[in-house]
Amino acid sequence: MSELLTTFLVAAPAVLAGLGALARRPAREVAALAVAGSLASASSAAWLASQPFRGPVVVAEWLPALLVSVSWRLETVTLALAVLVATIGALVLQYAAAYFGESRAARGTVTLLALFETSMLGLVLADNLYALFLFWELTGIVSFFLIGSDRGNPSAFAAARRALLITSAGALPMLVGVIYLASVNQTASLSALLDLELAAEVQTIALALFLPAVITKSAQAPFHSWLPGAMAAPTPVSAYLHSATMVKAGVILLLYVYPLLGDSPLWTAVLVPVGAMTCVWGSYRALGESDVKLLMAWSTVSQLGLLTLTIGLGTELAIRAAVLHLFAHAVFKAGLFLTVGGIDKAAGTRSLFDLGGLWRRTPVLFALAAVLAGSMAGIPPLAGFLSKELILKKAMLTDLWVHAVAITAIFFGSIGTVAYSSRFVCEVFLGRPRSDLEGRGKGLGPAILLAPAILAALTLAVGPGASWVDRWFLEPVTASVIGRMLPEVTPLSLWYGVNAALLLSVAIVSVGYLSDRITGLRMLPRGPSALSGERLFDSALDASQRLGARLSGVLAGGPPSVYLGLALAAGLLAAVPAAVEALAGEVAAPQPEGLVTILVLAAVLAAALRVRDRLARVLLISAAGFAVAFLYRLMNAPDLMLTQLLVEVLVTIFFALSLRGLPAPAERRPRGGARWMRRALAIGAGVAAGSLVLALGDTEASTHVQDFYRVAAPELAKGLNVVNVILTDFRALDTLMETLVVVLAALGVAGLVRGRERSRARKPPQTAEAAGTSGLLPGMSRLILPLAGIVAVSLLIKGHDEPGGGFVAGLALSIAAILSTVVAARTRGSGSASGVALVGAVILLLSLVASFFFGQPGLTHAHGELRLFGAGWKWHTALLFDLGVVLAVAGGVAAATRALWPSSPGGAIDRGGRVRL
Amino acid sequence: MIVVLALAVTLLVAVGVELLLGRSLFRAILGLSLLAHAANLVVLAAGGVGPAAPILARDGVRGQTADPLPQALVLTAIVISMAVTLYLIGLLRAKARDLASVAVEPAPAGDGDREPAAVAVELGAPGGSR
């Protein structure tokens, strides 16, 4: 029940707004739907908070093996935050409907706002840390679109990109932290983790991984620069995202993990200095802004710093102060942003240099701004006064260094806060208009004043109702954050009597107010400030892109030899230790015929590097292949030797054919340095590979696997050539796939060559007869195919028991086919060759399927013996399979050859009957 | 035997890499086929060396033989690398044609009397038709 209700309350705003947007309703109606959804969410969360149930509820297991689930954590603090998010969401969406009016882009913006509300609700309520991370990222992504919603404004896009890059870069370590916590503790549920006692180093590692996310998301120095830039978003968006919700996510995460990680020394050591710096710097920058919206943005930076600092103090009372200030700030800052939107509408400008005397035009707005800004400055009896009082009391409590840092930062930060608050109210609403505002802006309807009015009323009500707030809100929420009731704590109140905190408060307010009234706007810079984090970030981003372009220009822009060489060099470095070890070991003396083969191989390869003529080079390389075939023989692998020999013959013929008529390229010799580099790499690679082989050692053939095959081959497959049996029976699926690859490659060659040459107007291919060829060779060629056919059939049939088999037979047949093509210049029939290949492929596929009809797994073969002519004739269906291989290989290769063949102008046989290559 | 194999692999890899790192597709194809030989020999070497071919006697007497499984795998590899080589040769052919046909059209002044084919840029120079 409660899990469904929670899911509903998370989804309601986005679903309702999404339905409205899909139905293409105007923005006003979409916003109304979203408001209804938000109110439903807020009241559901409040109802759940009133129920006694506390704890996690699981909606669905998602990836149980990875501990990922969709689950909600129903605690007082999560529900209170959900109420806050949904309530302010409702107010902002109501305001947005009035603010955007009938603008065309507004529907998308409103829908995105509702989606953002849903992701924020998911973030505060998620129990599973992975789900929390997902919602965390979702808020960032939605905010990217919201900040950049002004399509025509490139600086808005740049700001959106900054925000997204900074916050998601911070979130990546958090994901690692989540994985770390989950794998160490075998649970990703926050509730379950909070019940555990973590070891000190686990706490520190997890916290170190979480802190970047907190610091970037909550705009802490030095990663705060995205937040003022995000003011490119429309005002309702800023009011929601950049005051009340998203920027609070970091602080909220800190509160959530406080009982888990708060004991780590890193907690105070990082959070207090970072928060103090942010608090003071934000205040200082706010004083230098003339745009009131940017003033509010910097003020938010400063207040977030204050929150981080307070949480960083790490005591339970500090947490209590932070909780109160978190809510108080969300209320007054959302209200202030909405007020800024109202000022913009009413006066048509947001610049302090133009504004003034606005109270005459909109007295209600003035009153609201005064209350909300007063709360920000900490004037009694407003909410901000209460929370700041708590913070001051806490910060002055002890005399550790952190408290000295904290109290100094709070003192100066708060003086700034008072000063810019008073500047905001006085310069905008009081005095005289600085420039002619007549005819600009318009009156404000009640719809635009409603939301700030409600927020101002809230901030007003807290002071008089302090004891009620303490009993029903602050005490239970704090207890649920720290995991136990706070004992013996002074109840929240407006008046604690005269004490140090009160005196400090008085000093802050009076110094701040006076300093602002005395200096006025005289110190305000008119241009943009020179030292800007945004510009720094943008130039860093540009530089990284330039660096990337340059790097890829070096690594991947040039010829393949460059990046192949680099990759190879890197691999070689890794191979050095293994190679050294292998070469240092002892080796047995090699056998003489092996050494002779090596000598032949070396001579042939050296010659291949030397010769200029390409045909000679092809022949030498194939001679190397023959040497390898002989090595196969020495390794007792007759099947491999046969196959290798035929493959070499075939490839050589193929090469020779395709070189005909090609222009001989002027082989550019590389420059000296590059050439030596290449040689060094080549030799290094060779030595590394050779020492790898040496490291394998003179091992005996392993008996484990081959014993199985040696027993199984004769008994199960009725074959004596184990290699062939493996190919046609045990691992027949491999063979099938491989044969299909051969067919595809061969047909691919045919298509590649023919497709291109057909498009060129060409002379029709000349046949040998047309060229007037005569002689012995063409006559003999008529015999080649039938003879080769006999050889192939014998290889095929013997293959099961002796060296041979489908591949070898297919290769022999295709060599014959090539020869007859060349010699007889038979140019027709490449179609029939590919037909043969396809028949072969079909036979293979049929033999795969056929066994299914006998209830056997694919490619099961049958065996038997036929009594005929008084003798027993073994038969087996593996032969049929091998026949498929023969046809596929021979047909494919023949088709490729015939496609290549007519491509040269002029015949291939000259008058003497010799083949012209 | 392992020393022989190690030497063969050393030679094949060294020359294969030397050919592969050149700028021409033609040399690269030759280099690749040498590297394929080397890889096949490594697989066989990993299977160990046996005293006889893995072909059983008809009467069922079974002596120790070489391991048939690496041989079957290498046989597959030989055929596959052949298919790849054939396809690369087809590419070489197709590319050469393209280059020749491109070079024919706007022959720069002074090159007019050269064979069109000779104008074709070196095969395999990446993107190098001009």
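Reader: In chain A, what percentage of the contacts with a separation of 6 or more join residues 24 or more positions apart?
Author: This is a predicted model, so let's take chain A as the predictor drew it. Count the contacts between residues separated by 6 or more, then pick out the pairs 24 or more positions apart. Those pairs account for 79%.

Reader: And for chain B, what percentage of such contacts join residues at least 24 apart?
Author: Do the count again with pairs in chain B that are at least 6 apart in sequence. Those joining residues at least 24 apart come to 48%.

Reader: How many helices and strands does each chain have?
Author: Chain B has 4 helices and 0 strands, and its elements run α-α-α-α from the N terminus on. Chain A comes to 33 helices and 4 strands.

Reader: What share of each chain is buried?
Author: Chain B has 130 residues, and buried ones make up 60% of them. Chain A has 917 residues, and there the buried share is 51%.

Reader: Where in chain A does pLDDT stay under 50?
Author: The chain A average is 84, and 89% of the residues score at least 70. Still, where pLDDT is low, the predicted coordinates should not be read in detail. One such stretch has 23 contacts beyond four places in sequence, and that is residues 759–774. Another has 34 contacts beyond near neighbours in sequence, and that is residues 903–917.

Reader: Which helix of chain B gives the largest share of the side that touches chain A?
Author: In all, 79 residues of chain B are in contact with 98 residues of chain A. By class, the chain B side divides into 56 nonpolar, 15 polar and 8 charged residues. Elements giving two or more residues are α1, α2, α3 and α4 of chain B. The largest share is 26 residues, and it comes from α3(B).

Reader: Are α24(A) and α2(B) roughly parallel or roughly antiparallel?
Author: Two packed helices are described by the angle between their axes and the distance between the axes. For α24(A) and α2(B) the axes are 11 Å apart and the angle is about 5°. Angles under 35 degrees count as roughly parallel, so α24(A) and α2(B) are roughly parallel.

Reader: Which residues of α2(B) make that contact with α24(A)?
Author: The contact residues divide into 8 nonpolar, 3 polar and 2 charged. On the α24(A) side you'll find A:Arg614, A:Arg617, A:Ile621, A:Ala624, A:Gly625, A:Val628 and A:Leu631. Facing them from α2(B) are B:Phe26, B:Leu30, B:Ser33, B:Leu34, B:His37 and B:Leu41.

Reader: Is A:Arg614 buried or exposed?
Author: A:Arg614 lies in helix α24 of chain A. A:Leu659 is 45 residues away from A:Arg614 in sequence, but the C-alpha atoms are 8.3 Å apart in space. A:Arg614 has 20 C-beta neighbours inside 10 Å, so it counts as buried.

Reader: How are α23(A) and α24(A) oriented, roughly parallel or roughly antiparallel?
Author: Their axes come within 9 Å and cross at roughly 165°. The crossing is left-handed, and the contact residues divide into 14 nonpolar, 2 polar and 2 charged. Angles over 145 degrees count as roughly antiparallel, so α23(A) and α24(A) are roughly antiparallel.

Reader: What word describes how α13(A) lies to α16(A)?
Author: The axes of α13(A) and α16(A) come within 11 Å and cross at roughly 45°. That angle makes α13(A) oblique to α16(A).

Reader: Which residues make the contact of α13(A) with α16(A)?
Author: By class there are 4 nonpolar, 1 polar and 1 charged residues. From α13(A) come A:Leu306, A:Thr310 and A:Leu313, and from α16(A) come A:Ile391, A:Lys394 and A:Ala395.

Reader: Which residues does the cis peptide bond with omega of about 0° join?
Author: Look in the loop between α8 and α9 of chain A, where A:Pro222 has its place. The cis bond there, with omega about 0°, joins A:Ala221 and A:Pro222.

Reader: A:Arg24 and A:Leu67 have positive phi without being glycines, so which is buried and which is exposed?
Author: A:Arg24, with phi near 60°, lies in the loop between α1 and α2 of chain A. A:Leu67, with phi of about 65°, lies in the loop between β1 and β2 of chain A. With 9 other C-beta atoms within 10 Å, A:Arg24 is exposed. With 20 C-beta neighbours inside 10 Å, the buried one is A:Leu67.

Methods:
Residues numbered from 1 in each chain as written. Chains lettered and ligands numbered in written order. Predicted model: local features only at pLDDT ≥ 70, side-chain atom pairs only at ≥ 80, totals over all residues. Axes fitted to C-alpha atoms, helices over the stretch in contact; angles between N-to-C directions. Parallel < 35°, antiparallel > 145°, perpendicular 65-115°, else oblique. Left-handed = near helix turned anticlockwise from the far one by under 90°. Nonpolar A, V, L, I, M, F, W, Y, C, P; charged D, E, K, R; others polar. Contact = placed C-beta atoms within 7 Å. pLDDT = per-residue confidence, 0-100. Buried ≥ 20, exposed ≤ 12 C-beta atoms within 10 Å, placed from the backbone.
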